[in-house]
Amino acid sequence: MCEKCKGKYYITTPIYYPSAKLHIGHAYCTVATDTMARFKRLQGYDVMFLTGTDEHGQKIEDKAKEAGVTPQQFVDNIVTGEKGVLDLWKLMNISYDRFIRTTDDYHVAAIQKIFKKMYDNGDIYKGKYVGKYCKPCESFWTESQLVDGKCPDCGRECVDAEEEAYFFRLSKYADRVQDLLENTDFLEPRSRVSEMVNNFIKPGLEDLCVSRTSFTWGVPVDFDPGHVVYVWIDALFNYMTALGFENDKYDDLEKFWPADVHFIGKEIVRFHSIIWPAMLMSLNLPLPKKVFGHGWLLLDGGKMSKSKGNVVDPYVLSERFGVDALRFFLLRTFPFGSDGNFSNELLINTINVDLANDLGNLVSRTVAMAQKYFGASLPQVQQGDEDKDAELLAMAGSLRDKYEEQMEKYAFQNALAEVFKVISRANKYIDENAPWVLAKSEENSPRLARVLYNLLETVRICGGLLSPFMPQTAEEIAKRLGGAVMDWDSLAVFGKLPADVATVAGPALFPRIDMEKELAELEKLRQEAMKEALPAVEIEPYAQENVDFDTFCKSDFRAVKVKACVPVKKSDKLLQFTLDDGTGTDRQILSGIAKYYKPEDLVGKTLVAIVNLPPRKMMGRESCGMLLSAVHKEKGEEKLNLIMIDDSIPAGSKLC
């Protein structure tokens with residue numbers, strides 16, 4: 001370690017599921033992590049900043065099949081393809097030191113060794129899993145843990161799962177994990193601790209299913225073919241395999257482990273604060289020093305989600321407002337540990353008030369006045385002791401320590417608030433001292449030079465402390481100040497700027513935005529994006545022959561609930577439904593939708609059937625009625641969707 005280095009610092013984001021549509025919510029955690037990493041580098045630490053992608057699991061296998069590609073092709077396209085994960089991190093100026101993909105060969109081999117070690121020490125055993133599984137979250141749940149019958153994390157439907165599996169003795173570590181959470185500062189914010197202990201540990205921590213046999217896209221259990229390792233073992237150990245644990249790809253484990261902090265979204269706190277430490281305890285490995293579960297960016301009151309259609313495109317926002325403005329907004333506007341409600345109005349207002357009016361105006365006015373009144377550089381001036389200077393100099397001189405205190409607590413919003421208190425005071429200082437009035441008299445030249453120096457030095461300190469948040473802007477501010485030094489030590493002392501500083505003119509850092517005009521343009525772009533996202537749909541032509549009302553009324557439409565659904569042997573089209581139609585006797589209907597649905601996904605759904613059609617034979621089986629579907633064509637291929645209605649509607653209810 002070099003003499004000037006303060007020490008090592010290891011910080012991570014979670015490795016992201018490679019979503020086909022990246023949104024600003026994906027960038028939020030990574031921008032925060034990048035800001036912390038840059039802050040630590042500014043302080044003089046040797047930083048390792050890890051991010052990456054979590055590329056295994058059933059949902060990826062399913063999506064690849066839908067897309068007609070292999071799972072590896074699917075994830076490769078999203079990670080390395082145009083506007084993929086790597087492109088987004090480049091756009092957002094993410095300064096990661098290492099990027100891991102869980103499909104990397106060295107990681108796969110390491111996970112197999114880790115799984116075998118826990119098996120050999122008796123903490124993994126073979127059994128049978130029977131319960132609920134949420135494919136989007138890759139989470140196992142008991143019936144009692146579901147909320148209104150749905151996944152407690154994402155609110156989506158869970159499927160019944162029953163298969164041979166290996167289990168990790170999570171229950172064995174319940175007391176130790178509870179003690180870790182309650183009696184240390186391992187998990188923050190503290191509000192997350194009671195949530196984990198009361199919701200998961202105290203009700204009884206059950207052993208965790210850690211292998212699957214119902215799909216193949218995962219790390220194979222090398223000593224038991226047919227099993228793949230549960231994705232959360234695969235994903236969590238990335239924090240160590242990326243340093244060289246159980247592989248010879250890297251050799252940084254001794255230097256950087258344990259991690260100083262894992263930044264994660266609150267939806268995966270359970271995995272990082274309960275399962276992760278328990279597995280490390282099983283292997284007698286040091287625990288990370290801290291897990292910090294931040295809140296979500298919300299849009300229209302809900303979490304941003306492609307499945308909900310409420311994503312915000314970071315490419316569009318960055319192109320229109322600049323990457324630094326977007327980075328600044330994310331951490332200036334919302335407390336990092338809490339949820340934040342995103343809106344374009346709030347983004348534009350933050351840019352106009354903080355960046356255009358306050359910061360941009362201070363830099364532009366100060367540099368412009370220095371050049372107007374003194375030309376190439378300020379004259380050599382002595383330190384003044386004017387009363388009018390005292391407050392600004394005291395605030396600027398103490399800013400670094402106040403800022404540091406907040407940054408060490410991951411209170412990014414508060415750290416920025418401290419900086420902008422000084423920026424606001426500097427703008428007020430301009431009005432108090434009126435340099436344009438001082439410039440009218442040669443006698444006031446020393447005072448004018450002193451005032452402008454104080455302003456330029458304040459800009460230097462504020463610009464340096466903004467560099468973790470807005471690196472490009474900080475570079476531009478340093479350029480405007482003649483290449484001013486903004487190292488950590490110099491930011492603690494007022495007066496480090498050379499007295500004869502030579503300023504450099506430039507355009508406005510952040511031009512003011514016309515709110516009404518910009519919102520209209522963003523709405524136009526949103527509508528265009530929604531239109532482009534729609535598939536090319538061909539609708540069946542409307543029937544030309546009219547049907548009289550009495551004939552229509554003869555059709556008896558009823559709500560039916562799917563009790564069972566199985567494929568019909570020797571048919572690649574038909575599914576056989578066993579339905580509750582409210583009569584007390586099961587109804588059997590066959591429907592040619594096997595191409596579009598998995599039978600197990602339909603159990604429990606409420607559908608619509610015409611129940612007064614005469615029975616007919618299909619593949620030797622009787623079908624008593626017809627399920628209603630919607631049919632259309634996409635790119636020439638027929639698509640069919642069953643009509644599903646609210647599950648609260650009782651079976652047998654007549655539709656009218």
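This dialogue introduces selected features of a predicted model.

Visitor: Where should a newcomer begin, and how many helices and strands are there in the protein chain?

Guide: One may begin with the whole and then turn to its parts. The protein chain holds 22 helices and 25 strands. Its C-alpha atoms fill a box of roughly 105 × 70 × 40 Å along the principal axes. Of the 656 residues in the chain, 52% are buried.

Visitor: What share of contacts join residues at least 24 apart?

Guide: Contacts between residues at least 6 apart in sequence are the ones to consider here, and 74% of them join residues at least 24 apart.

Visitor: How does one read the length of a helix, and what span does α18 reach?

Guide: The span from the first C-alpha to the last is set beside the value expected at 1.5 Å a residue. Helix α18, residues 445–466, reaches 31 Å, close to the expected 32 Å. Helix α16, residues 412–433, also has 22 residues and reaches 32 Å, close to the 32 Å expected. Just after α16, A434 takes a positive phi of about 40°.

Visitor: Why is α18 described as largely enclosed by the rest of the structure?

Guide: The description rests on burial: 21 of the 22 residues of α18 are buried, so the helix is largely enclosed.

Visitor: How is a single position within a helix examined, and which residues is T350 in contact with?

Guide: One considers its place, its accessibility and its neighbours. T350 belongs to helix α14, residues 344–374. T350 counts as buried because its relative accessibility of 7% is under 20%. Apart from neighbours within four places in sequence, T350 is in contact with F328, F329, R332, T333 and L355. F329 is 21 residues from T350 along the chain, yet their C-alpha atoms are separated by 6.6 Å.

Visitor: May the loops be read in a similar way, and where does D252 lie?

Guide: D252 lies in the loop between α9 (238–241) and α10 (253–256). With a relative accessible area of 16%, D252 is buried. Its side chain forms a polar contact of 2.7 Å with that of R98. Not counting residues up to four places away, D252 touches M48, R98, L243 and W257. The loop between α9 and α10 also holds E246, whose phi is near 60°, a positive value in a residue other than glycine. E246 is buried, at 19% relative accessible area.

Visitor: Is N93, with its positive phi, buried or partly exposed?

Guide: N93 has a phi near 60° and is found in the loop between α4 (85–91) and β3 (98–101). At 22% relative accessibility, N93 counts as partly exposed.

Visitor: Which residues does a cis peptide bond join?

Guide: The omega angle is the value to read. A cis peptide bond joins E188 and P189, with omega about -10°; P189 is in the loop between β7 (187–188) and α7. The bond from W257 to P258 is also cis, with omega near 10°, and P258 is in the loop between α10 and β11 (261–265).

Visitor: Finally, how is a pocket read, and how much space lies in the second largest pocket?

Guide: One considers its volume and then its lining. The second largest pocket holds about 420 Å³ of space. Its lining has 22 residues, of which F140, W141, T142, Q145 and E206 are the closest to the centre. The elements giving two or more residues to this lining are β4 (124–134), β5 (139–141), α7 (191–201), β8 (208–209) and α11 (269–282). The lining divides into 13 nonpolar, six polar and three charged residues.

Notes: Residues are numbered from 1 along each chain as its sequence is written. This is a predicted model: local features need pLDDT of at least 70, side-chain atom pairs count only at pLDDT 80 or more; totals for chains, interfaces and linings use all residues. Side-chain values use heavy atoms; hydrogens and water are left out. Helices (H or I, at least four residues) and strands (E, at least two) are DSSP runs, numbered from the N terminus. Buried means under 20% relative accessible area, exposed over 50%, partly exposed in between (1.4 Å probe, protein chains only). A polar contact is a pair of N or O atoms within 3.5 Å; within protein, one must be able to donate a hydrogen and the other to accept it, and residues adjacent in sequence count only if both atoms are side-chain atoms. Contact means heavy atoms within 4.5 Å. On a 1 Å grid over the protein atoms alone, a cavity is a set of points where a 1.4 Å probe fits but cannot get out, and a pocket is an open set with protein on both sides within 12 Å along at least five of seven lines; lining residues have an atom within 4 Å of a point. Grid points are joined across faces, edges and corners, and a volume is the space filled by probe spheres set on the points. Ala, Val, Leu, Ile, Met, Phe, Trp, Tyr, Cys and Pro count as nonpolar, Asp, Glu, Lys and Arg as charged, and the others, Gly among them, as polar. The expected span of a helix is 1.5 Å times one less than its number of residues.
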